Amino acid sequence: MSIEDIIREEDIGVYKTLLESTRAIPWKIEWETLRFAYIGPQIEELLGWAPQSWATVQDWADRMHPEDRAWVFDFCVAQSQAGIDHEADYRALRKDGEYVWIRDVVHVVRNPDGSPNALVGFMFDISERKRTEERLLDMQRELEELSFKDGLTGVANRRRFDMIVENEWRDAMANRQAISVVVLDIDFFKQYNDHYGHLEGDECLKRVATALAGIVRSPRDLLCRFGGEEFVLLLPGTDEATAMALAWRCLDLVDKALIPHAGVGAGKRLTLSAGVHTTVPTERDEVLPFIAVADRRLYLAKERGRARVVADGGL
């Protein structure tokens with residue numbers, strides 16, 4: 001005897017009992033009327049709505065999160081009309097006002113001509129799976145954010161700078177806009193470490209980074225630790241005069257932080273030097289030489305006495 005023969009001979013109630021004893025919620029919709037022919041009693045335990053309150057597909061749509069409703073409804077209708085089995089994840093409204101993540105798995109029962117006759121399927125509660133996915137995504141975002149941060153100071157790191165500067169360079173080239181960079185370096189930092197020790201040197205870098213964080217004007221400005229005691233400020237859409245003013249502002253912010261530097265004399269405070277370069281890039285220009293000019297100007301500032309900004313020097 002085939003399985004089909006066994007099913008035909010068995011009481012339909014047996015299969016109804018089996019369906020209603022599972023965690024999955026079975027349902028059936030008549031395509032011609034778009035009315036529920038059946039929905040399992042488990043729906044009330046999950047969502048709080050009695051089975052008899054599920055009359056039409058409109059009840060199904062109304063009990064869906066507003067952000068999910070349009071795309072889920074349109075997707076399921078289009079797939080059903082095409083006779084394609086499908087599934088959709090969405091947030092279903094509980095009677096108490098909370099939402100539960102549901103996965104609807106849909107099978108299209110077709111007429112002999114291929115047109116839809118009915119939809120049958122199962123609803124699954126996937127809330128715990130979604131919570132796990134969210135936690136994993138949060139961890140991934142956190143790890144990604146950490147990978148772009150300097151571990152000591154908390155500002156952006158060289159990896160972040162390299163990624164952003166390439167994008168901003170292309171944007172400046174395409175829009176024929178100025179882009180500026182300020183390279184900053186702590187003066188006499190070796191002497192600071194020699195005098196106070198490397199642990200205090202690390203604390204000094206943190207204090208400098210905190211002071212410089214106040215220079216960022218917009219989401220496009222980027223302050224990063226370039227390495228050692230060197231910081232870089234990337235300023236898209238910024239002309240030379242403004243970049244020069246911001247560089248001096250960086251020096252002023254660190255000066256106002258009142259970080260003592262007895263390694264270069266009693267009563268002395270920590271200072272910065274800076275090199276500035278601005279350009280409107282063309283296709284002949286490259287990013288690294290652009291930054292290198294600012295770096296050479298930084299060392300001119302050092303040669304000229306430190307605690308100053310250089311934006312010229314014939315470079």
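# A tour of two sheets and their helices

Start just past helix 10 (240-256): select L258, which follows that helix and has a positive phi, near 55 degrees. Helices here are DSSP runs of H or I with at least four residues, strands are E runs of at least two, and both are numbered from the N terminus. What you have open is a predicted model, in which local features need pLDDT of at least 70, side-chain atom pairs count only at pLDDT 80 or more, and totals for chains, interfaces and linings use all residues. Residues are numbered from 1 along each chain as its sequence is written, and side-chain values use heavy atoms, with hydrogens and water left out.

**Stop 1: helix 10**

Now select helix 10 itself. Its 17 residues should span 24 Å at 1.5 Å a residue, and the 24 Å between its end C-alpha atoms agrees with that; the expected span is 1.5 Å times one less than the number of residues. Colour A243, L246, A247, C250, L251, L253 and V254, which are buried (under 20% relative accessible area; exposed is over 50% and partly exposed lies in between, with a 1.4 Å probe and protein chains only). Look down the helix axis: the buried residues fall within an arc of 160 degrees, so they line one face of the helix. That arc is taken from the directions from the helix axis to the C-beta atoms. An α-helix has 3.6 residues a turn, so residues three or four places apart point the same way. On the face turned away from the buried side you will find the exposed residues A241 and K256.

What covers the buried residues of helix 10? Strand 6, helix 9, strand 8, strand 9 and strand 10 are included in the cover, where contact means heavy atoms within 4.5 Å. Helix 10 lies across strand 6, strand 8, strand 9 and strand 10, at about 165 degrees to strand 9. Axes are lines fitted to C-alpha atoms, for helices over the stretch in contact, and angles run from 0 to 180 degrees between N-to-C directions.

**Stop 2: the mixed sheet**

Show the five strands beneath: they form an open sheet in the order 7-8-6-9-10, with mixed pairing. Two strands count as paired if DSSP finds at least two bridges between them. Strand 7 and strand 10 (309-310) are at the edges with a single partner strand each, so one side of each has no neighbour in the sheet.

Next, select strand 8. Is it enclosed or open to the outside? Seven of the seven residues of strand 8 (residues 230-236) are buried, so it is largely enclosed by the rest of the structure. Its two faces are both covered, with E230, V232, L234 and P236 on one side and F231, L233 and L235 on the other.

Strand 8 runs antiparallel to strand 6 (residues 179-186), joined by seven bridges, and antiparallel to strand 7 (residues 222-227), joined by five. Centre on L234: V181 stands opposite L234, and L222 also has L234 as its bridge partner. In the hairpin of strand 7 and strand 8, two residues lie between the strands, and G228 takes a positive phi near 55 degrees. Helix 9 lies across strand 6, strand 7, strand 8 and strand 9, at about 15 degrees to strand 8.

**Stop 3: the nonpolar cores**

Show side chains for L184, V208, L212 and F231, which have the most contacts inside the largest nonpolar core, a set of 31 residues. Such a core joins buried Ala, Val, Leu, Ile, Met, Phe, Trp, Tyr and Cys residues through side-chain atoms within 4.5 Å. Helix 10 gives the most to this core, with seven residues. A second, separate core has 26 residues, including W49, W60, A61 and V100.

**Stop 4: the antiparallel sheet and helix 5**

Select another open sheet, whose five strands are ordered 2-1-5-4-3 with antiparallel pairing. Strand 2 (35-39) and strand 3 are its edge strands, each pairing on one side only. Strand 1 (residues 25-30) and strand 5 run antiparallel and share six bridges; E30 stands opposite A118 in strand 5.

Add helix 5, which lies across strand 3, strand 4 and strand 5, at about 150 degrees to strand 3. Its buried residues are D68, V72, C76 and S80. Just after helix 5 comes G83, with a positive phi near 75 degrees.

**Last stop: G151**

Finish in the loop between helix 6 (127-147) and helix 7 (158-175), where G151 lies. G151 is exposed, with a relative accessible area of 79%. Draw a C-alpha to C-alpha distance from G151 to A55: the two are 58 Å apart in space and 96 residues apart in sequence.
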